[in-house]
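Some labels on a model deserve a challenge. Here they are put to the test, question by question.

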Amino acid sequence: MSPAPADSAVIPRHVAIIMDGNGRWARARHLPRTEGHRQGVHATRTAVRFCAARGVQALTLFAFSSENWKRPSAEVNTLMSLFVSALEKELPELVQNNIRLRFIGEREAFSDKLKHRIHEAEAATRDNTGMELVIAVSYGGRWDITAAVRCLAVEVAEGRLDPASISVETLDRQLSTAGLPDPDLFIRTGGERRLSNFLLWQLAYTELYFCDVLWPDFDEDALQAAFEFFAGRERRFGRTGEQVSHERA
């Protein structure tokens, strides 16, 4: 049975998740790491359905970092194959549930087949108006910021942008997440307590939730616990608690 929805007033608009622990889940069961990644797909499906059902506007999943290319080639190849097969399998449900799909990250190293599948999936869901599902693959926060700054530098060099007019909003519009609200809730499974180069700019005022559950075991109950943590936070954005309380009155 699905857990009862939380109060809509405290549902995060944007949830960002580092899906960590697939390899350790497999190792604990004397299975190859690749099997952990395969099992992690089920947890991903659960997270997408859970967030969409509760009215989350955007869900960003860190599927593969810029640094993950350093992993053994067999594991990388398996992950790339999983991306292709998952896109083919999950796309009909995303379309049916009005979910819009966006991929962020460097695509140059992808195979032509994966690039084609990504393009197809984004095109098939482009007109959907429900939750936006963002897949960060071959992504790094420093890369994102650097690419945004480079775009602004070109505009300055071409005389189309006055450096004095550059603001937080100006740079924000150049990031790969442009158009999305910043994450309200960040979740990292697997027991690690770091950001690992994920959405470094966007997480400036995000509530950070870390748990020891390995990603393949991260079910609806675990998601509900994270949402309840968020609901219990007082989000002040630099203001005092008294100011926040006054605004709510």
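The questions below ask what lies behind each label on this predicted model.

Q: How do you know that helix H2 has the span expected of a helix with its number of residues?
A: Compare two numbers. H2 covers residues 33-53, which is 21 residues. The expected span is 1.5 Å times one less than the number of residues. That gives 30 Å, and H2 reaches 31 Å from its first C-alpha to its last. The two values are close.

Q: Which residues of H2 are called buried, and what is the cut-off?
A: Buried means under 20% relative accessible area. In H2 the label goes to Thr34, Gly36, His37, Gly40, Ala43, Arg45, Ala47, Val48, Phe50 and Cys51.

Q: What covers the buried residues of H2?
A: Both strands and helices take part. The cover includes strands S1 (14-18), S2 (58-65) and S4 (132-139). It also includes helices H1 (22-28), H3 (73-96) and H7 (220-231).

Q: What makes S1 a strand with both faces covered?
A: Check each side. His14, Ala16 and Ile18 lie on one side and are buried. Val15 and Ile17 lie on the other and are buried too. The count for S1 is five of five residues buried, each under the 20% cut-off.

Q: Why are S1 and S2 called paired?
A: Two strands pair if there are at least two bridges between them. S1 and S2 have five, so they pass. They run parallel. Ile18 stands opposite Phe62 in S2.

Q: What makes S1 and S5 a pair?
A: The test is again at least two bridges. S1 and strand S5 (residues 185-188) have four, in the parallel sense. Val15 has Leu185 in S5 as its bridge partner.

Q: How do you know that S4 pairs with S2 and with S3?
A: Count the bridges. Seven join S2 to S4, and five join S3 to S4. Each count meets the minimum of two, so both pairs stand. S2 and S4 run parallel, and so do S3 and S4. Leu61 has Ile135 in S4 as its bridge partner. Arg100 stands opposite Glu132 in S4.

Q: Why is S4 called mostly covered?
A: Eight of its eight residues are buried, because each is under 20% relative accessible area.

Q: What makes up the lining of the largest pocket?
A: The pocket has a volume of about 1,000 Å³. Of its 43 lining residues, Met19, Thr44, Phe62, Ala63 and Phe83 are the closest to its centre. H1, H2, S2, H3, strand S3 (100-104) and S4 each give two or more residues to the lining. The lining divides into 22 nonpolar, ten polar and eleven charged residues.

Q: Why is His30 called exposed?
A: Exposed means over 50% relative accessible area. His30 has 76%, so the label holds. His30 sits in the loop between H1 and H2.

Q: What makes the phi of His30 worth a look?
A: Most residues other than glycine have a negative phi. His30 is not a glycine, yet its phi is positive, near 60°.

Q: Why is Ser196 called partly exposed?
A: The label fits values between 20% and 50%. Ser196 has 28% relative accessibility, so it counts as partly exposed. Ser196 lies in the loop between S5 and strand S6 (207-210). Its phi is positive, about 50°, although it is not a glycine.

Conventions. Residues are numbered from 1 along each chain as its sequence is written. This is a predicted model: local features need pLDDT of at least 70, side-chain atom pairs count only at pLDDT 80 or more; totals for chains, interfaces and linings use all residues. Side-chain values use heavy atoms; hydrogens and water are left out. Buried means under 20% relative accessible area, exposed over 50%, partly exposed in between (1.4 Å probe, protein chains only). Contact means heavy atoms within 4.5 Å. On a 1 Å grid over the protein atoms alone, a cavity is a set of points where a 1.4 Å probe fits but cannot get out, and a pocket is an open set with protein on both sides within 12 Å along at least five of seven lines; lining residues have an atom within 4 Å of a point. Grid points are joined across faces, edges and corners, and a volume is the space filled by probe spheres set on the points. Ala, Val, Leu, Ile, Met, Phe, Trp, Tyr, Cys and Pro count as nonpolar, Asp, Glu, Lys and Arg as charged, and the others, Gly among them, as polar.
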